[in-house]
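Visitor: I'm new here and would like to know what the labels mean. Could you show me the structure and take my questions one by one?

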Amino acid sequence: METIVEIEGLTKTFRNQRGIHDISLTVRKGDIYGFFGPNGAGKTTVMKIMAGLSKANKGKVRLFGHEVTTHYEQAMAKVGVLIETAEAYEYMSGRKNLELAARLYPELPGSRVDEVLELVGLSGYQREKVGHYSLGMKQRLGLAAAILSRPELLILDEPTNGLDIEGMVQIREVILLLAREERTTFFLSSHLIHDMELMCNRIGILYGGKLIREGLKTELLDGRFPTLEELFIHEVKEERRAVNHA
Ligand SMILES: Nc1ncnc2c1ncn2[C@@H]1O[C@H](COP(=O)(O)OP(=O)(O)OP(=O)(O)O)[C@@H](O)[C@H]1O
C-alpha cells in the first residue's frame, strides 16, 4: 500500500519545556488516521509541522515522498489543511470566500464551489457574511475550503470542534464519503474518542507529547478492549507507571 505520510523522530520543545518528543508514524493510502490525545497532548504541534506552519527541532516529515522542509511545494501539492479555526474574510459571504480560494485552482470546474457548499451543509447560508456565522459554520467553511481542490490527503485538526451533534454527524459523513468515493486519505485529530471510534481505521494515541501507542484500530483493541476509551485508559496507566519507574 502506498505510503502517504512518513513522520520520523519528530521533536519540538517550546521554551516552557512542553512540546512533542520523538514522534514516528506512517499513514498509508486510504487510511483515516486518528490522532487522538487529551488537550495539550501535542496534536496541533505535530500537524502544524506537517503542514510546514512550524519547524521541528529534530526529525522529518515526508508527504507523498517529499520532505516538507526542503520540498514544500511538491510535498503540499495534493494536500488540504484545516488547522485551528480556518481563516476567512468576515465581511464577505461564505460563497465569496470559496470563490476567492477557487481562483488558486483555475482547472476546477465552476460547479465545484456549489458542490463543496452542499457537501458541508452550507448551501442555505452561502450568501451570509462569514462574520455572522457561528463557530460550527466557520468550521464547515474551513472544511469546504480544504476540500475545494480535491486533495488526496486531508490534514484536519479537530474537524468536529465547535459543532453540535447534527454538525458532527454531517462532518463525519463527509469524511467517510470522501474516503469511500474519492479514496482521500485523512490525518485527523480529535480529543473526542467517539469521533475516532466511528471514523478511523488507524489510531495514534498521543499523551504528554509522546506517541504511546499506534496501529490499526482492530489490532489495538485486539478483543481485549471493548472500546477505544478503555484502551486509552489502560495505555495511560501503563505510561504513568513507566514514567514513575524511570
Ligand atoms: N507556541 C507555544 N509556546 C509554548 N508552549 C506551547 C506553544 N504551542 C503549544 N505549546 C504547548 O505544547 C503542548 C502541546 O500543545 P498542542 O496545542 O500541540 O496540543 P493539542 O494536543 O493540540 O491540544 P488541544 O486539544 O488543546 O488543541 C501544550 O502543553 C501547549 O501548552
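Visitor: What makes up the shell around the ligand, by class?

Guide: Two nonpolar, nine polar and two charged residues. Here Ala, Val, Leu, Ile, Met, Phe, Trp, Tyr, Cys and Pro count as nonpolar, Asp, Glu, Lys and Arg as charged, and the others, Gly among them, as polar. Keep in mind that this is a predicted model, where local features need pLDDT of at least 70, side-chain atom pairs count only at pLDDT 80 or more, and totals for chains, interfaces and linings use all residues. Residue numbers start from 1 along each chain as its sequence is written.

Visitor: Which residues of that shell are the closest to the ligand?

Guide: F14, N39, K43, T44 and T45, out of 13 that surround the ligand. A residue counts as near if its C-beta atom, placed from the backbone, lies within 6 Å of the molecule. Helix α1, residues 43–50, gives the most to the shell, with three residues. Helices are DSSP runs (H or I, at least four residues), strands are too (E, at least two), and both are numbered from the N terminus.

Visitor: Why is R183 called exposed?

Guide: Exposed means 12 or fewer other C-beta atoms within 10 Å of a residue's own, buried means 20 or more, and partly exposed is in between, with C-beta atoms placed from the backbone. R183 has 10 such neighbours, so R183 counts as exposed. You'll find R183 in the loop between α6 and β8 (185–190).

Visitor: What does R183 touch, leaving aside its neighbours within four places in sequence?

Guide: K29 and G30. Contact means C-beta atoms, placed from the backbone, within 7 Å.

Visitor: How is the chain divided into domains?

Guide: Domain 1 covers 3–78 + 153–245, and domain 2 covers 86–150; these bounds come from an automatic or database domain assignment. Their C-alpha centres lie 25 Å apart, yet twelve residues of domain 1 are in contact with ten of domain 2. Helix α6 (residues 165–182) supplies six residues, the largest share of domain 1's touching side.

Visitor: What makes a nonpolar core, and which residues touch the most other members in the largest one?

Guide: A core is a set of buried Ala, Val, Leu, Ile, Met, Phe, Trp, Tyr and Cys residues joined through C-beta atoms within 7 Å. The largest has 64 residues, and L63, A144, I155 and F187 touch the most other members. Helix α5 (residues 135–147) gives the most, seven residues, and each domain adds at least three.

Definitions and conventions
Two residues are in contact if their C-beta atoms, placed from the backbone, lie within 7 Å.
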